[in-house]
Amino acid sequence: MTHLFFLGNAPDLASAEINSVLSREKINGDVSRFGNVVFLSTDQELSEKFFESLGGTIKVATVFAQVENTNSGVIIEKITQELENTAQKNKLNKITFGISQYTTPSEKIDTSALSKKLKNEVNPEFKVRFVL
């Protein structure tokens with residue numbers, strides 16, 4: 001699984017902190033950095049303790065799918081499937097999600113409209129809330 005760590009005001013320190021916590025928690029994987037984002041590819045699960053140890057990281061994302069085009073139908077299908085699968089796996093009846101976008105201006109998507117569409121597409125057995 002690939003995880004993205006969005007670094008705060010002291011990106012060099014935050015990046016060093018991630019590497020230190022990875023070592024301490026004995027998590028192996030490929031780590032790379034591009035600007036203020038650290039990428040981690042690993043087969044190991046990351047624990048709550050791991051995430052709680054990261055003071056210099058402002059946001060963490062997990063890549064669960066890659067979509068080659070920006071067709072909203074394809075994106076909605078992939079995200080809806082992942083939200084429902086995660087909720088079922090964790091025995092949740094409520095789904096809370098947010099969408100962040102990191103693209104070039106030409107690839108920009110209306111994330112607010114996308115979130116509203118997603119909320120309506122998720123199986124009605126789940127209570128759904130999105131945050132902007």
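Helix 3, one of the helices taken as DSSP runs of H or I with at least four residues and numbered from the N terminus, has as its buried residues I75, I76, I79, T80, L83, E84 and A87, where buried means under 20% relative accessible area, exposed over 50% and partly exposed in between, with a 1.4 Å probe and protein chains only. Seen down the axis of helix 3, these buried residues fall within an arc of 145°, so they line one face of the helix; the arc is that of the directions from the helix axis to the C-beta atoms. On the other side of helix 3, E77 and K89 are exposed.

This is a predicted model, in which local features need pLDDT of at least 70 and side-chain atom pairs count only at pLDDT 80 or more, while totals for chains, interfaces and linings use all residues. Residues are numbered from 1 along each chain as its sequence is written, and side-chain values use heavy atoms, with hydrogens and water left out.

The cover over the buried residues of helix 3 includes strand 5 (94–98) and helix 4 (111–121), contact being heavy atoms within 4.5 Å. Just after helix 3, K91 takes a positive phi of about 55°.

Turning to the strands, which are DSSP runs of E with at least two residues, strand 1 (residues 2–7) is mostly covered, with 5 of its 6 residues buried. Strand 1 pairs with strand 3 (residues 37–41) in the antiparallel sense over 5 bridges, pairing requiring that DSSP finds at least two bridges between two strands, and here H3 stands opposite L40. Strand 1 also runs antiparallel to strand 4 (residues 57–63), joined to it by 6 bridges, and F5 stands opposite V60 in strand 4.
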